[in-house]
Amino acid sequence: MNKNLNEMTYREATQELEEILRAIENDAVDVDELTQKVQRSSQLIKLCKEKLRNAEKAIDQVFNEENCEQPAKSGDAKPAAGGNTLF
């Protein structure tokens, strides 16, 4: 029984992909089912890629926000134009 793609987690999608692969490897899929299994696999792979991309974007956003919120170190400030530095 195939779960709706919109309701699936990444783990569920990868588990279903593994089940399909095992069935194909063990010749448990007849020719009539093969096309259906390949199409379902394609949908599951697309879903997994999308979830990975979304996770990557969310992680990047967290790191970018973290970098922006860090206070500037005292040595990081640029001197004013024409100003002398202590170094």
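The paragraphs below walk through the salt bridges, one buried serine, a surface patch and the largest pocket of this structure, which is a predicted model.

A good place to begin is with charged side chains. Side chains of opposite charge can pair when their charged atoms come close. In this model there are two salt bridges. One of them joins lysine 3 to glutamate 12, and here the closest N and O atoms are 3.0 Å apart. Because its relative accessible area is 34%, lysine 3 is classed as partly exposed, and glutamate 12, with a relative accessible area of 28%, is partly exposed as well.

Glutamate 16 and arginine 40 also form a salt bridge, with 2.7 Å between the closest N and O atoms. This pair links distant parts of the chain, since glutamate 16 belongs to helix α1 (residues 10–25) and arginine 40 to helix α2 (residues 31–69), with the two being 24 residues apart. Are these two partners buried or exposed? Glutamate 16 has a relative accessibility of 10% and therefore counts as buried, and arginine 40, at 9% relative accessibility, counts as buried too. The reasoning behind both labels is that a residue is called buried when its relative accessible area is under 20%.

Helix α2 also holds serine 41, and this residue counts as buried because its relative accessibility is 15%. Which residues does serine 41 touch, if those up to four places away in sequence are not counted? The contacts of serine 41 are then with Leu17 and Ile20.

Turning to the surface, the reader can look for a nonpolar patch that is formed by Ile24, Leu34 and Val38, which together have about 220 Å² of accessible area. Leucine 34, one of the members of this patch, is situated in helix α2. With a relative accessible area of 36%, leucine 34 is partly exposed.

The last feature to find is the largest pocket, which contains about 180 Å³ of space. Its lining is made by Asn2, Glu16, Glu19, Ile20, Ala23, Ala28, Val29, Glu33, Gln36, Lys37 and Arg40. Helices α1 and α2 each contribute at least two residues to this lining. Some names here will be familiar from the earlier paragraphs: Glu16 and Arg40 are among the lining residues, and they are also the partners in the salt bridge between helix α1 and helix α2. Ile20, which is in contact with serine 41, likewise lines the largest pocket.

Conventions
Residues numbered from 1 in each chain as written. Predicted model: local features only at pLDDT ≥ 70, side-chain atom pairs only at ≥ 80, totals over all residues. Heavy atoms only, no water. Salt bridge = Lys/Arg side-chain N within 4 Å of Asp/Glu carboxyl O. Buried < 20%, exposed > 50% of the residue type's maximum accessible area, 1.4 Å probe, protein only. Helix = DSSP H or I, 4+ residues; strand = E, 2+ residues; numbered from the N terminus. Contact = heavy atoms within 4.5 Å. Patch = residues over 30% accessible without salt bridge, like charges linked within 9 Å, V, L, I, M, F, W, Y side chains within 5 Å. Areas by Shrake-Rupley, 256 points an atom, 1.4 Å probe, with all protein chains shown as cover. 1 Å grid on protein atoms, 1.4 Å probe; cavity = no way out; pocket = protein on both sides within 12 Å on 5 of 7 lines; lining within 4 Å. Points joined across faces, edges and corners; volume = space filled by probe spheres on them.
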